[in-house]
Amino acid sequence: MRRRKGAAAILLALCLLISSPARAALPSLFTGDEAWYRDPLEPLVIRDGVYYVPADLFGALDGVTFTMPAEGNLLFENTATGAYVSILFSKNGSAATGGEIVEGIGIYRDETTFYVEADPVCDALGIRREIMTSEDGSVTMRLLSGDSRFTIEQLAEVYEADAGWQRGGPELLPVTPEREDTRRRLYLLCTSPEEDASYVASLGLARAGLNYTVFLWDDADPATILGGAVHGEYGVATDDSEDLAGSLAAANERIAAYTHRRTVLTISTGDPAQDAALGEAGFCPITPDLTVTSFTDPDEAMNEIAVWLEEEESVRPYAVVFFTDCWMSEQMIPRVADLLGASDGWTSANLGY
């Protein structure tokens with residue numbers, strides 16, 4: 001697949017609209033008004049009537065931090081009040097909360113993810129929680145550490161409206177919550193790791209703490225598929241130049257078996273005629289403003305991005321950068337993270353936000 005520098009992303013707003021997936025069910029976990037982005041891999045777990053949540057979920061709450069000062073030591077802290085919970089996994093749930101030792105807090109490990117009993121941790125940190133059971137019997141829990149704009153029932157209506165629209169009705173578009181973050185979006189794109197790649201852009205973006213969209217290769221394995229999908233919207237990619245649309249469609253179906261949703265996003269071929277054909281096949285090719293390859297001059301590219309961040313919103317409402325798996329991407333990603341960290345008006349983003 002050819003990947004070239006191009007103009008602003010082709011009809012990006014339209015692509016974002018038509019690419020919103022139908023949800024089979026309401027996510028099992030929310031933090032405030034936001035769905036837990038790792039819900040497909042780290043959902044709510046109910047054991048003998050006890051609610052368990054992934055420990056790193058607490059780090060997504062406003063004013064709450066989650067760290068592991070030592071192996072098997074989980075530390076949760078409410079930075080506003082100073083309340084904390086320190087749990088020792090090796091001591092069968094022994095915990096220190098406000099200087100007192102509490103025994104028997106439920107905790108277990110699922111591969112690399114620690115799960116903790118929600119109620120005692122929330123009580124110690126002053127976190128509110130809400131439970132809703134859907135008609136199909138699925139349970140959703142929401143944790144709140146601050147104010148929220150919507151009730152859990154309203155959030156459910158948004159997801160149900162979205163799914164209904166994708167099924168062909170109602171005719172009106174689903175109402176989505178207005179985002180509070182008004183910063184402009186620098187959409188960062190990458191592919192899933194290429195075979196035998198020495199430098200992997202997705203790992204660099206994750207290490208830098210940036211939000212990004214993964215375009216999954218048609219032969220991506222299940223773990224890679226789920227890892228790419230948890231970041232939000234994802235796209236599909238193929239090197240099959242003989243039947244580009246057919247290979248993308250086949251990849252979409254295969255990947256949907258794991259994600260339970262489909263996408264219309266793919267990377268532009270750089271050929272207007274091929275992109276038009278992909279559009280007729282139901283895909284939305286995204287043309288990056290900048291594609292980072294092994295031939296990219298990193299200083300020149302960083303200067304170009306810095307100029308974008310200084311332009312007026314009417315000139316540059318958003319920008320799109322595609323990092324390929326190459327050494328230049330590894331060099332540039334930390335610099336992009338530093339540039340965004342110093343900016344009040346821009347933030348990195350997944351194409352779904």
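# Notebook: strands, a cavity and a few side chains

I began with a hairpin partner: strand S3 (residues 45-47) runs antiparallel to strand S4 (residues 50-54), and three bridges join them. I am working from a predicted model, so I keep in mind that local features need pLDDT of at least 70.

**Entry 1: around S4.** I looked up which residue faces isoleucine 46, and tyrosine 51 in S4 stands opposite. S3 and S4 make a hairpin with two residues between them. I checked the turn as well, and aspartate 48 there has a positive phi of about 50°. Then I followed S4 to another partner: strand S11 (residues 113-117) pairs with S4 in the antiparallel sense, over three bridges. Within that pairing, I noted proline 54 with tyrosine 115 in S11 as its bridge partner.

**Entry 2: another hairpin.** My next stop was strand S5 (residues 64-70), which runs antiparallel to strand S6 (residues 73-78) and is joined to S6 by five bridges. I found valine 64 bridged to asparagine 78 in S6. Two residues lie between S5 and S6 in this hairpin. Glycine 72 sits in the turn, with a positive phi of about 80°.

**Entry 3: the open sheet.** In what order do the four strands of the open sheet come? I read S2-S1-S13-S12, and the pairing is mixed. The edges are strand S2 (34-35) and strand S12 (128-133), each of which pairs on one side only. I then looked at how S12 meets strand S13 (residues 139-144): they pair in the antiparallel sense over six bridges. One pair I wrote down is arginine 129 with leucine 143, its bridge partner in S13.

**Entry 4: enclosed space.** I turned to cavities next. Rolling a probe the size of a water molecule over the atoms shows where empty space is left. I found one cavity of 30 Å³ or more in the structure, and the largest cavity holds about 40 Å³ of space. Which residues line the largest cavity? My list reads Tyr199, Val200, Ala201, Gly204, Arg207, Cys326, Glu330 and Ile333. By class, I get five nonpolar, one polar and two charged residues in this lining. I also checked the helices: helix H4 (201-207) and helix H9 (327-341) each supply at least two lining residues. H4 gives the most, with three residues.

**Entry 5: arginine 254.** I found arginine 254 in helix H6 (residues 244-259). Is arginine 254 buried, partly exposed or exposed? The relative accessibility is 31%, so arginine 254 counts as partly exposed; the buried class would need a value under 20%. Leaving out residues up to four places away in sequence, I listed the contacts of arginine 254 as Trp217, Asp218, Asp219, Ala220 and Ile225. I also took a C-alpha distance to proline 222, which is 32 residues from arginine 254 along the chain, and got 9.7 Å.

**Entry 6: threonine 296.** I placed threonine 296 in the loop between strand S19 (290-292) and helix H8 (298-310). Why does threonine 296 count as buried? I read a relative accessibility of 11% for threonine 296, and buried means under 20%. I looked for polar partners of the side chain too. A polar atom of the threonine 296 side chain lies 2.9 Å from the backbone nitrogen of threonine 293. On the oxygen side, I found the backbone oxygen of threonine 291 at 3.5 Å from a polar atom of the threonine 296 side chain. With residues up to four places away in sequence set aside, threonine 296 touches Thr291, Ala301, Met328 and Met332.

**Entry 7: both ends of H7.** What caps the N-terminal end of helix H7 (residues 272-280)? I found aspartate 271 there, with a side-chain oxygen 2.9 Å from the backbone nitrogen of alanine 273. After H7 comes glycine 282, and I noted its positive phi, near 100°.

**Entry 8: the whole chain.** I finished with some totals. I counted nine helices and 21 strands in the chain. Of its 353 residues, 46% are buried. I looked up contact range last: among contacts with a separation of 6 or more, 61% come from residues 24 or more positions apart.

Terms used
Residues are numbered from 1 along each chain as its sequence is written. Side-chain values use heavy atoms; hydrogens and water are left out. Two strands pair if DSSP finds at least two bridges between them. On a 1 Å grid over the protein atoms alone, a cavity is a set of points where a 1.4 Å probe fits but cannot get out, and a pocket is an open set with protein on both sides within 12 Å along at least five of seven lines; lining residues have an atom within 4 Å of a point. Grid points are joined across faces, edges and corners, and a volume is the space filled by probe spheres set on the points. Ala, Val, Leu, Ile, Met, Phe, Trp, Tyr, Cys and Pro count as nonpolar, Asp, Glu, Lys and Arg as charged, and the others, Gly among them, as polar. Buried means under 20% relative accessible area, exposed over 50%, partly exposed in between (1.4 Å probe, protein chains only). Contact means heavy atoms within 4.5 Å. A polar contact is a pair of N or O atoms within 3.5 Å; within protein, one must be able to donate a hydrogen and the other to accept it, and residues adjacent in sequence count only if both atoms are side-chain atoms.
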